[in-house]
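Please open the model in your viewer and keep the selection panel at hand. This tour moves from one stop to the next, saying what to select and what is to be found there.

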Amino acid sequence: MFDPDIAPSGTLLGLLQRGRGDGTLHALAAPRAEALAALNDSVLRDPRRDWQVENRSLYYARLYMQLDGGLEEIERHLFHPDDLIDTAEERTGLALAVLGHLASYGRDAARLLLRSYAAVGSNWRWALDELALRDDDAGLMGLAPAVLARFPETEEGEAALATAVRDAFEPRPWRLWAEDARYAGRLAAAGEQGSFDRWQRQLRPRGPRPGWSVTEVLEWAQQGLDLHPEEHRHAAAARCLAAVAGPEDRPELLRAARGGPDAARAAALHHLAERGDPDVLGLIEDVAVDPLTAEPLTAAALASFERMRSVQAVDRARVWARREDRLGASAAAMLARRGGQRDAALVLAALRRTVRAEGPDAGGLWELVDGAGRLGVGCAAPVLRHVYRETSSSHLRGRAAGALAATDPGFAAGFAVECLWDCEETTRELAARHAATGDARVVEQLRRLAADPAEEAEVQTAVRSRFGPDASAV
């Protein structure tokens, strides 16, 4: 995850970078050259906060089709000399995914670009996966020599080939090539090596063994932190404690939770929280409010609290939610998930406080936004609208839209309309169920979504519910 450079939400570029439905509507109304410049900028400089989970590719591909945009800028980006230096997937992944959707819409130029890049580009695996879904057998067979030439017939090359075959996201090209006599022997050996590697890993587990005691499990958790600081074993250790700890081990677990080494302490807190131990809430508070506590331990303690489902935990959250620190934020998030109507004011106060202090992209907003919708906090609508407009996270915007559907009477005729063009399928599905059809664009877009073979099934089901025999809206 990284922090991209996002333009203001009131600009065409800012709208397109966020994947908002208004981005498409504004682009179609803007001068074509200006719209294509903003579109190319968004595709070539991935604007997503988390490129692995947020959707943009179908959104941008549809706009390329509507603007009849050329692919010259994407081609220059893919085959730029930087591709030899910056081989990270996020540099080219979005452009390749857009090309994949364009190929599925029948743009032959997009398919040819994917083939060319799969043959010579650094992110060739992504391009090959896109082609595996959309190219014909002849096109894939033509790539075999170039792809297999990446793996020299040496011990290291064959090991790398085995890894590539084993880890392929879309196995179709490899299976197709394995049926050709020219490549069958080499690919069969690579497949066998991949299976052998998996078997070897299973024979060398690094975790606890049967018969370990509570002491040994806690020591194992701490060893992971000492030897590999980036490796946090406390959650795995807590699962092991569930199997080996009995009532007689409670004193040792409490001692570890109060003052043991950090990883062992985190594991003990996790275990005690899952069992609703009467002392664990006080122990979690001790960790969370101590300014000398290391960040990983604080995070682990708060995560242990947030997983609790007991009445006692919710009652304690009502006390903590007024705090303006991380413990208060975790308590407010618990009330957003599990509180009742009596907690609406606390959730609203935390929502406003978080937006004011940390902005519309704060990590703590997700639960609070959902909670405002779940509790039907009508006076939260203004701050939810602000989050919707300003956040750069398309997932958070979708959550804000869901909360607005439950709290804002104007949602159906307002934001729900633009959500029909949103980049996230869950947001389009929400809009398909709520958007008022007084605007002629709504009916037109609903019909377009219903006929688009690239649209998600859930969205099309929601659209069909508006066109069914009992649906008077359209």
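In which helix is the place of Ala-431? Select Ala-431 in this predicted model, and you will find that the residue belongs to helix α27, which covers residues 425-434. Ala-431 counts as buried, because its relative accessibility is 0% and buried means under 20%. While Ala-431 is still selected, add Glu-418, which is 13 residues away in sequence and lies 8.1 Å away in space, taken from C-alpha to C-alpha.

**The whole chain**

Now clear the selection and show the whole chain as a cartoon, where the secondary structure comes to 29 helices and zero strands. The C-alpha atoms fill a box of roughly 70 × 65 × 45 Å along the principal axes, and of the 474 residues in the chain, 48% count as buried.

To see how the chain is divided, colour residues 12-203 as domain 1 and residues 213-308 as domain 2, following the domain assignment. If you mark the C-alpha centres of domain 1 and domain 2, you will have two points that lie 42 Å apart.

**A salt bridge between distant parts of the sequence**

Next, select Glu-455 and Arg-62 and show their side chains, which form a salt bridge whose closest N and O atoms are 2.9 Å apart. Why does this pair tie together parts that are 393 residues apart in sequence? Glu-455 sits in the loop between α28 (440-451) and α29 (457-467), while Arg-62 sits in helix α4 (residues 57-67), so the salt bridge links these two parts of the chain. If you switch on a surface, note that Glu-455 is buried, with a relative accessible area of 6%, and that Arg-62 is buried as well, with a relative accessible area of 15%. The count for the model comes to 34 salt bridges.

**A pair within one helix, and its network**

Move on to helix α7, residues 108-120, and select Asp-108 and Arg-111, which both lie in this helix, three residues apart, or about one turn. Their side chains form a salt bridge, with the closest N and O atoms 3.0 Å apart. Are these two partners buried or exposed, in whole or in part? Asp-108 counts as partly exposed at 49% relative accessibility, whereas Arg-111 counts as buried at 17%. Extend the selection to Arg-115, Asp-135 and Asp-136, and you will have a network of salt bridges that links these three residues with Asp-108 and Arg-111.

**Another salt bridge**

Select Asp-325 together with Arg-323, whose side chains meet in a salt bridge at 2.7 Å, N to O. Asp-325 counts as partly exposed at 30% relative accessibility, and Arg-323 is also partly exposed, with a relative accessible area of 30%.

**A patch of negative charge**

For the last stop, return to the surface view and select Asp-82, Asp-86, Glu-89 and Glu-90, which gather there in a patch of negative charge. Among them, Glu-89 has its place in helix α6, residues 89-104, and this residue is partly exposed, with a relative accessible area of 36%.

Methods: Residues numbered from 1 in each chain as written. Predicted model: local features only at pLDDT ≥ 70, side-chain atom pairs only at ≥ 80, totals over all residues. Heavy atoms only, no water. Patch = residues over 30% accessible without salt bridge, like charges linked within 9 Å, V, L, I, M, F, W, Y side chains within 5 Å. Areas by Shrake-Rupley, 256 points an atom, 1.4 Å probe, with all protein chains shown as cover. Salt bridge = Lys/Arg side-chain N within 4 Å of Asp/Glu carboxyl O. Lys, Arg positive; Asp, Glu negative; His and termini not counted. Charge placed at Lys NZ, Arg CZ, Asp CG, Glu CD. Helix = DSSP H or I, 4+ residues; strand = E, 2+ residues; numbered from the N terminus. Buried < 20%, exposed > 50% of the residue type's maximum accessible area, 1.4 Å probe, protein only. Domains from an automatic or database assignment.
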